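This note comments on how two chains meet. Please read the numbered points with the structure in view.

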Amino acid sequence: MVLLPPRPKRTESLISLAVLLLLVFIGIGVFIKQFYYQPGRLGLEGAGLIHLSSGQSELTGPAIIPPLPAGFEKLSEPETFDSKNLYNKINGKAGLYLESGFEKLTSQRFVNAVDAEVWMEIFVYDMGLARNAFAVYSVQRRPDAEPLVTPMIGYKTGGAVFLLAGGYYIEIIGSAETNQLSQAMLTVANAFMQKVKPEDNIIPELQLFPQANLIAHSYKLNSSNAFGFDGFTDTFSAGYRFGDGTATAFISRRSDSKQARKLAGEYYKFLIENGATDKPAIARNINGKAVEFYGAIEVAFAVGPFVAGVHDAENEDSAKQLTVQLYEKLVRIKEQ
Amino acid sequence: MRIVTVRRISQIFFFVLFLWFCLVTTIGGEWWRLRGWPVNLFLQLDPLVAIGTALTTHSLYWPLLWALPVVALTIILGRFFCSWVCPFGSVHHFVGFLAYRKKNLAEKVKANRYRKGQCIKYFILIFFLILAALPLAKGPGLQIGLLDPISLMSRSVNLVLLPVIDNLTGTISVSARFYEGAWLILTIFFAAVFLNLLIPRFYCRFICPLGALFGIIGRFAIWRIGKKQIGCPDCKMCERACQGACAPSAKIRISECVLCFNCLQDCANETISYQTRPSLAGEITNPDITRRGFMLSAISGVFALPAIRLGNLLGSNYYYRLIRPPGALPEEEFLQRCIKCGQCMRICPTNVIQPGGLQPGFESLWTPVLNMRIGSSGCQLNCTACGYICPTSAIRPISLSEKLGLDDFAQAGPIKMGTAFVDRSRCLPWAMDKPCIVCQENCPVSPKAIYTRTSFETVRDGILTVKKAVGGVVETIEDTLVPDQFSTGDYYCLLKNGERRKIETNTENTIVVSSADSFERIPVEGEKIEIQIRLQRPYVDIHRCIGCGVCEHECPVSGRRAIRVSAEGETRSRHKSITPKGQYL
Amino acid sequence: MTESEQKGITRRDFIRRSAKAGASLAAAGAASYWLYDAAGPPAVSVEEGIKALPDFSIPHSEGKTISVVKGSDRVETVNKAIDLLGGIERFVKPGERILIKPNVAFASPPILGATANPQLVAEVVRLCYRRGKAKQVIITDNPINDPQSCFRLSGIGKAASEAGAKILLPRDGYFRNVSLAGGRLIKNWPVFTVPLEKIDKLIGIAPVKDHDRSGASMTMKNWYGLLGGRRNIFHQDINTIIAELAMMVKATLVILDGTQVMMTNGPTGGAASDLQRKNVMIASCNAVAADAYGCSLLNLAVADLPYLGKARKGGAGTTDFESLKPIITSIG
């Protein structure tokens, strides 16, 4: 037979306390539960975000996005875009990528687990080839960039990190310029680099440029319309500083030497048609053409299948120097 | 510590928790918004919801498993939920306390005496359970939400009290929230609350079907209130504040006892206790249901649902303005799960989900219905909050991919809530010669479901006679034109030979067409020209329209909108389709 | 009562109550376990229902697939047409239940030719009973107009029941969802299948009619009367639905009545002038072949009826009726 003891007060107190304890546990349970939720599931977006594009391609990307950095959670699922709907994501900029061999874009957002205002969006552009990635990377390079530590090829500026990884051009854009976010973005950048072999990053054309007087990180690849001349597709360029003047050297590989010579001539004609004056002395001995174009010197010549030259040289001396250096290097390489 | 103190703490704890859950039910990641707060906890703990949906769907939706521990505890301990947890019960308890605070003992005991009418709640319960159990008219129906205390309180707080406070003080939500038919919800809530002034815990004792359910489940409770010794002086102190009106001074009615323990506290000579042996004064375990009453409620239950459904609103007479949230089950199954709790209406970020009225049928009362004219924008394209929050999956917790027809769901296509229809008799470009393509601009799907075709209409009094024309400037005989009326860029000048040029500007008697693109053949004196307005007229592509209602919301014809969403074509109901499936979706 | 007795009662009571409580707990736990639904309700499933109707066709017999009899008396021509294919005994075996699906779509009088001729239907019923020795012949259709009026005003109800057939009117419970394999439109669509479950042979009887949407309404379109739901939707893709109907229904025998052909204003007609007497009766083991022959009665070619091509592609039959060696003859 079960009976409560004759002094209920004590049992009553114990039971009361037990129930109280239970309430405390329930409260704690509820409090803990509220930390666990999927922001993306609720359509929670950080500040300034726009609708999910409904023009998504059916391609489900491979898991190129690296794992979350510590303290961050997924804010959205990876989205993929192919050439048909890239426009939906980056609008007018799509043109640049499309003409450079764009294959696929995978993007995803990570948000700070504690502060929903701190998030980053990662854009991974699969450009197919390293040189394509280099093209879109180099033409968008911000001037005030702080280069990343090698072996990373990239730079950071303001609240964003840009880098190259093999055939991928990666942008990591942050919502705020804070150290913590910056660190997290660099972690992500590093994770990308882990996936890339060093040789994937090498672009052979860059070896063609003479090293003397080269301005660091000034390499560029214009997929099209370099210097405003539509004949110059796939044109590499690099900046040089000679004492008081700067100049840009350019090299573009054509299908054969005949085409290279033809293109050099066309560039010369293009400049003359647009008001340049002939300056034969500068490039005569290398069988090239030189002009003065509104205060700057332009030089164009061909070595083997390469059309090369100098663009926007601030004075004749720098133009001459660079022309010679460039020509000699190319000739050496051609003879190898 | 006294048990009654803990009970009060428990009541306050759960009441505050309930209010907190109501407050945070808005989308967001801040601590005072939804995050991971288990806002459906009370509904999930509610065994009437679990049993009701189990009867209608023959399944126990997994979050409702929380009801099992509540049932288990009730079986063992008795009807603790009513006076320890239920927030509605706490309201009644408190108001009853306030109402009878100043009365003397005799009046209080009289208020708390057992009344035969306390059997009514069992009849209500039986009625609802029969409705849920028997598939008498296109399946069973779930109407427990009408009177279930948690649903009722949830509705009242979320759809009336909070919005009223918010609209007065502007503190709770960013913009004012509106809910149709809220007056009825408030009336019922206040009626229930104010009835406590007559008899304390009126609702709990006479109406609450959940309490009735607990009364039945708790019949075999191992521990119960009772007299543990003889020699009770019959002072009736135990009934001074008895919440369940269960007559602890006499033969206690176990099914009515809500374990408030006031009797234990108030008993002057330690006769009342919470014990395993039956009360020495005797006890009545079964609810006071007569066979006749049982038969009456059962028969009413049997007839009620087929009668309600005689309007064939589930068949060809469906109410076509009934637009349900995306992810809602087909209507028959929806009505087997919706408990009218109002959570979806509370969480909807655009305030477009409204409590339904009676027009789509009695069963639609307080179920979620979209009213595109209320709120900020129709159904937002990339939001799935309503499905996420629905406690019984009447609105399924769909993913965004399923809603938009992406990835795995690309073949099935997006979920359509209905189709928009242009009312050409009200649409500005169709009927009023006024350019407007707000609907097309705002259509959120890509490619857009609204497209336009351009046409030109000669404006009223728009046929003019040429007096003289030079280049692109035409002087007319008529000189009563309103200056600059035609310079909006929508007006064109049509010549006899079919040439049409955009009008740049006009004065009282001249029309000036754009100089860059003047007439090929200059009109001569006496010739007639027509002023035309270029109209882009909207058309709905029914294969692309998802019925989100953004167009209806944005339409500037603000009364009866010139483009309205109608239930035809909703993906959840094949019989409302207007195209055969297998067509391009 | 002594104290020990008192304690005994209390103990018994406690045990009893505990047992009941335990049983309730167990029941609650069991119910939760049994009914537990971890997935939640699914969306409307894409494909469900029966995949195919029973196959009522009989084995092919060379040269005995399609017969054409010219004559003015329907009773005579239909007897001859069936005899040319081997007689009703080839199609109806003793003791079998036969379902005849005539065209009873409209509540129109027989002289308008919008529905199957009542005498023709009655004759086929009689043949099934007398010579075929069928156990039962059932007549049914899911008409466009009200079923009772249709059977009454078309004359088919009276004629058929006088011949001994049972008239079966459609009810909600007789329809089941069918998803035709290879079909695009008949997916999860209610079809009048329940009566088909209990029969052995299926015969279709249809007049030759012009049709506004599809060009013609003959034996294949006749099966539209087996569709339920809001089947008007399929008029948006009429040729596909007729083809799918032919793919779905494999009848024993179809009879195409070209005695009085509705040449214009079909399918309802409305005046005697819409009809033209062509005096042709066609019996066929395959509806596609019957329709392919029958379109000539409407001065149409096979190519004029897109549904014929679609049905052929869907494997429902051949439109090259010549290859089936039709037996063509005339009476009187």
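1. In this predicted model, the interface between chain C and chain B buries about 2800 Å². Carbon and sulfur atoms account for 65% of that area. Within chain C, the residues that lose the most area to chain B are C:Arg17, C:Leu35 and C:Pro41. Together these three make up 21% of what that side buries.

2. How many residues does each chain bring to the contact? Chain C contributes 35 residues, and chain B contributes 37 residues.

3. Polar interactions deserve a separate remark. Seven residue pairs are in polar contact between chain C and chain B, counting pairs with both residues at pLDDT 80 or more. Salt bridges, by contrast, number zero across this interface under the rule applied.

4. Which elements of chain C supply at least two residues each to the side that touches chain B? They are helix H1 (3–35), strand E1 (36–37) and strand E7 (189–191). H1(C) gives the most to this side, with 14 residues.

5. The composition of the side of chain C that touches chain B may also be stated by class. There are 17 nonpolar residues, 10 polar residues and eight charged residues.

6. Finally, the two chains are linked through their strands. Strand E1 of chain B, covering residues 60–61, is joined to E1(C) by two bridges, and these strands run parallel. Opposite B:Tyr61 stands C:Asp37, a residue of E1(C). The reader may wish to locate this pair in the display, since E1(C) is also listed among the elements that touch chain B.

How values were computed. Residues numbered from 1 in each chain as written. Chains lettered and ligands numbered in written order. Predicted model: local features only at pLDDT ≥ 70, side-chain atom pairs only at ≥ 80, totals over all residues. Heavy atoms only, no water. Contact = heavy atoms within 4.5 Å. Buried area = accessible area lost by both parts, 1.4 Å probe. Salt bridge = Lys/Arg side-chain N within 4 Å of Asp/Glu carboxyl O. Polar contact = N/O pair within 3.5 Å; in protein donor to acceptor, adjacent residues only side chain to side chain. Helix = DSSP H or I, 4+ residues; strand = E, 2+ residues; numbered from the N terminus. Nonpolar A, V, L, I, M, F, W, Y, C, P; charged D, E, K, R; others polar. Pairing = 2+ DSSP bridges.
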